[in-house]
Amino acid sequence: QVQLVESGGGLVQTGGSLRLSCAASGSTFSGYVMGWFRQAPGKEREFVAGIRWNSGTTNYGDSAKGRFTISRDNAKNTVALQMNGLKPEDTAVYYCAATSTNERLPTSYYSTTWQYDYWGQGTQVNVSS
């Protein structure tokens, strides 16, 4: 059974940085795409970034481009989201997600919630103005 556990959330001022981490267990994750999503109060869950476990190919949502970086550590079975230049509108619960994939489809294909089979419990990020 795949388990995902997020950590690293907290309170930061506008312009600050946070690094979220997702510890993954229960599978080899070869062939998986790992993703980060976020959900602010009253809003739908939004795609932030994704990374293919094998190749490291990445994909970003519009809100993350140029500010956030997703990475994975195959040896430690972790996925990280480095967030720089944080804004109040980045305030949300951030979720790690995983899905086994068709290797013929690009990483960018996996950018909606229904495509992911496994989810963590989320970590809260608050950005103060």
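**R67, a disulfide and its strands**

Colleague: The side chain of R67 comes to 2.7 Å from the backbone oxygen of S63. Where along the chain is R67 found?

Modeller: Bear in mind that this is a predicted model. R67 isn't in a strand: it's found in the loop between strand 6 (58-60) and strand 7.

Colleague: Is R67 buried or exposed, then?

Modeller: R67 touches plenty of residues further along the chain, among them Q82, M83, N84 and D90. The cut-off for buried is under 20% relative accessible area. R67 has 15%, so it counts as buried.

Colleague: Now the cysteines. Which residue does C22 join in a disulfide?

Modeller: The structure holds one disulfide, with an S to S distance of 2.1 Å. It links distant parts of the chain, 74 residues apart, running from strand 3 (residues 18-25) to strand 9 (residues 92-100). At the strand 9 end, the partner of C22 is C96.

Colleague: Which hand does that disulfide have, and why?

Modeller: Look at the torsion about the S-S bond of C22 and C96, which is about -80 degrees. With that torsion, the disulfide is left-handed.

Colleague: And is C22 buried or exposed?

Modeller: Its partner C96 has a relative accessible area of 0%, so C96 is buried. C22 comes out at 0% as well, so C22 is also buried.

Colleague: Which residue is the bridge partner of E6 in strand 3?

Modeller: Strand 1 and strand 3 run antiparallel and are joined by five bridges. They're part of an open sheet of four strands, in the order 1-3-8-7, with strand 1 (3-7) and strand 7 (68-73) at the edges. Neighbouring strands in this sheet are turned by 15 degrees on average, direction ignored. As for E6, the partner in strand 3 is C22.

Colleague: Over to strand 9. How many of its nine residues are buried?

Modeller: Strand 9 is largely enclosed by the rest of the structure. Strand 4 (residues 32-39) pairs with strand 9 over eight antiparallel bridges, and V33 has T99 as its partner there. The number of buried residues in strand 9 is eight.

Colleague: Which residue in strand 10 is the bridge partner of A98?

Modeller: Strand 9 also runs antiparallel to strand 11 (residues 123-128), with three bridges, and Y94 stands opposite T123. Two more antiparallel bridges join strand 9 to strand 10 (residues 118-119). In strand 10, A98 has as its bridge partner Y118.

Methods:
Residues are numbered from 1 along each chain as its sequence is written. This is a predicted model: local features need pLDDT of at least 70, side-chain atom pairs count only at pLDDT 80 or more; totals for chains, interfaces and linings use all residues. Side-chain values use heavy atoms; hydrogens and water are left out. A disulfide is a pair of cysteine sulfur atoms within 2.5 Å. Buried means under 20% relative accessible area, exposed over 50%, partly exposed in between (1.4 Å probe, protein chains only). Two strands pair if DSSP finds at least two bridges between them. Axes are lines fitted to C-alpha atoms, for helices over the stretch in contact, and angles run from 0 to 180 degrees between N-to-C directions. A polar contact is a pair of N or O atoms within 3.5 Å; within protein, one must be able to donate a hydrogen and the other to accept it, and residues adjacent in sequence count only if both atoms are side-chain atoms. Contact means heavy atoms within 4.5 Å. Lists of a residue's contacts leave out its neighbours within four places in sequence.
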